[in-house]
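Reader: I'd like to learn how to read buried residues, helix faces, cores and cavities in a model like this one. Can we go through them together?

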Amino acid sequence: MMNTQELKPIKEGKVREIYDNGDSLIMVATDRISCFDVILKNQITKKGTVLTQMSRFWFDLTRDFIPNHMLSVDVADMPDYFRQPRFDGNSMLCRKLTMLPIECIVRGYITGSGWASYKKTGQVCGITLPQGLRESDKLPEPIYTPSTKAEIGDHDENISYEQSVAYLEERFPGKGAEYAAKLRDYTLALYQKCAAYALERGIIIADTKFEFGLDEAGNLVLGDEMLTPDSSRFWPAQGYEPGHGQPSFDKQFARDWLTANKPENEADWELPQEIVDKTIEKYLQAYTLLTGKTL
């Protein structure tokens, strides 16, 4: 008989729940949605499945380039408790890692907070960019702009590459410079490889973020999620036109609505159903374009 006795996650993020499975972890992507580091009241049906299956696709595509934490997305490989409909498709069995406390953000196009910063200072996260860029322009080269990884209720903080060295050195004495350089180099290389793949399939990856950890041998391993609509800005390549914001395949619908309508109290942030429907429609479109499959 299936054991459905309630298990409690050992950690809950803005979107994910993590369960201890002895020598491995089970990461469940929920249908919660987070914007501007705030968890909204809404549930976006199927969103957790899209996130897990999209990550699975990219992990498989890049595993020869860098190892990742994914072991399986088949609930048959997980304890009985996870063989319930609510876990099917949105759960991933993962290797345990010591996560590095840096969000590795890479920007290939100028948009969002980067565009706002550039208009004021000519810089993005302290990096001086060429004059005369327009909103949504492709950058001459992708730039690496790390941030700290915030706990729930806090906000991620952009830091310079030099600050990332010091930040890692505090936590891993004698390894800060080595780890910071590896994070930067892998982030840029992964972005360039995957952005080229996506462009062939009609999607521009404007920016994204990766997270990495260390295995027991001290090797760098790609963890968390990878190139999902939650962690990236996806634009349709058809109709791309710099000089203004672009339509997107990610949660930009939700961000845009909140920017125009959000209540002062973060606890009251809730999307209308129309925006919820448009958001999951875009997630599913992106999955199909990139993978050639439907969910």
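**Reading burial, faces, cores and cavities**

Author: Let's begin with Leu139, which sits in strand β12. Keep in mind throughout that this is a predicted model.

Reader: Is Leu139 buried or exposed?

Author: The test is relative accessible area, and buried means under 20%. Leu139 comes out at 5%, so it is buried.

Reader: And which residues does Leu139 contact, once its neighbours within four places in sequence are set aside?

Author: The contacts are Arg107, Gly108, Tyr109, Ile110, Leu129 and Leu133. Sequence separation and spatial separation are worth checking side by side, too. Leu139 and Glu216 are 77 residues apart along the chain, and their C-alpha atoms are 37 Å apart.

Reader: Leu133 was in that list. Where does Leu133 lie?

Author: Leu133 belongs to the loop between β11 (127-128) and β12. With a relative accessible area of 15%, Leu133 falls under the 20% cut-off and therefore counts as buried. Skipping residues up to four places away in sequence, it touches Ile110, Trp115, Tyr118 and Leu139. Computed along the chain, Leu133 is 14 residues from Lys119, and the two C-alpha atoms are separated by 9.1 Å.

Reader: Trp115 and Tyr118 make me curious about helices. How do I read a helix face?

Author: Here's the general idea: an α-helix has 3.6 residues a turn, so residues three or four places apart point the same way. Now take α2, residues 112-121, where the buried residues are Gly114, Trp115 and Tyr118. Looking down the axis of α2, these fall within an arc of 100°, so they line one face of the helix.

Reader: What do the buried residues of α2 pack against, and which exposed residues are on the face turned away?

Author: The buried residues pack against β9 and β10 (123-124). The face turned away from the buried side carries the exposed residues Lys119, Lys120 and Thr121. Just past the helix comes Gly122, with a positive phi near 75°.

Reader: Let me try another helix. Which residues of α5 are buried?

Author: In α5, residues 252-261, they are Gln252, Ala254, Arg255 and Leu258. Seen down the axis, these buried residues of α5 span an arc within 155°, so they line one face of the helix. Their packing partners are β4 (32-35), β5 (38-43), β16 (232-236) and α6 (273-291).

Reader: What lies after α6, and is it buried or exposed?

Author: Gly292 is in the segment after α6. Its relative accessible area is 64%, so with the exposed class starting over 50%, Gly292 is exposed. Gly292 also gives another separation to look at: Arg201 is 91 residues away in sequence, yet the C-alpha to C-alpha distance is 9.1 Å.

Reader: Next topic: cores. How should I think about those?

Author: In soluble globular proteins, nonpolar side chains tend to be buried together. In this model the largest nonpolar core has 64 residues, and those with the most contacts inside it are Trp58, Leu183, Phe210, Phe212 and Met226. Helix α4 (residues 176-200) supplies the largest share of this core, nine residues.

Reader: Which residues does Leu183 touch?

Author: Not counting residues up to four places away in sequence, Leu183 touches Leu100, Ile102, Cys104, Tyr144, Leu168, Phe212 and Leu220. There's also a second, separate core of nine residues, including Ile26, Met78, Phe82 and Leu93.

Reader: Last one: how many cavities are there of 30 Å³ or more?

Author: Two. With a cavity, I'd look at the volume, then the lining, then the classes of residue. The largest has a volume of about 50 Å³. Its lining is Arg16, Met27, Val28, Ala29, Leu51, Thr52, Ser55, Asn90, Met92 and Asp224. The elements giving two or more residues to that lining are β3 (24-29) and α1 (47-62). By class, the lining has five nonpolar, three polar and two charged residues.

Reader: Which residues line the second largest cavity?

Author: Here we meet Leu139 again, along with Arg107, Tyr109, Ile110, Thr111, Gly114, Val124, Leu129 and Ile143. The volume of this second largest cavity is about 30 Å³. β9 (102-109) and β12 (138-144) each supply at least two residues of its lining. Sorted by class, that lining has six nonpolar, two polar and one charged residues.

Conventions:
Residues are numbered from 1 along each chain as its sequence is written. This is a predicted model: local features need pLDDT of at least 70, side-chain atom pairs count only at pLDDT 80 or more; totals for chains, interfaces and linings use all residues. Side-chain values use heavy atoms; hydrogens and water are left out. On a 1 Å grid over the protein atoms alone, a cavity is a set of points where a 1.4 Å probe fits but cannot get out, and a pocket is an open set with protein on both sides within 12 Å along at least five of seven lines; lining residues have an atom within 4 Å of a point. Grid points are joined across faces, edges and corners, and a volume is the space filled by probe spheres set on the points. Helices (H or I, at least four residues) and strands (E, at least two) are DSSP runs, numbered from the N terminus. Ala, Val, Leu, Ile, Met, Phe, Trp, Tyr, Cys and Pro count as nonpolar, Asp, Glu, Lys and Arg as charged, and the others, Gly among them, as polar. Buried means under 20% relative accessible area, exposed over 50%, partly exposed in between (1.4 Å probe, protein chains only). Contact means heavy atoms within 4.5 Å. The arc is that of the directions from the helix axis to the C-beta atoms. A nonpolar core is a set of buried Ala, Val, Leu, Ile, Met, Phe, Trp, Tyr and Cys residues joined through side-chain atoms within 4.5 Å.
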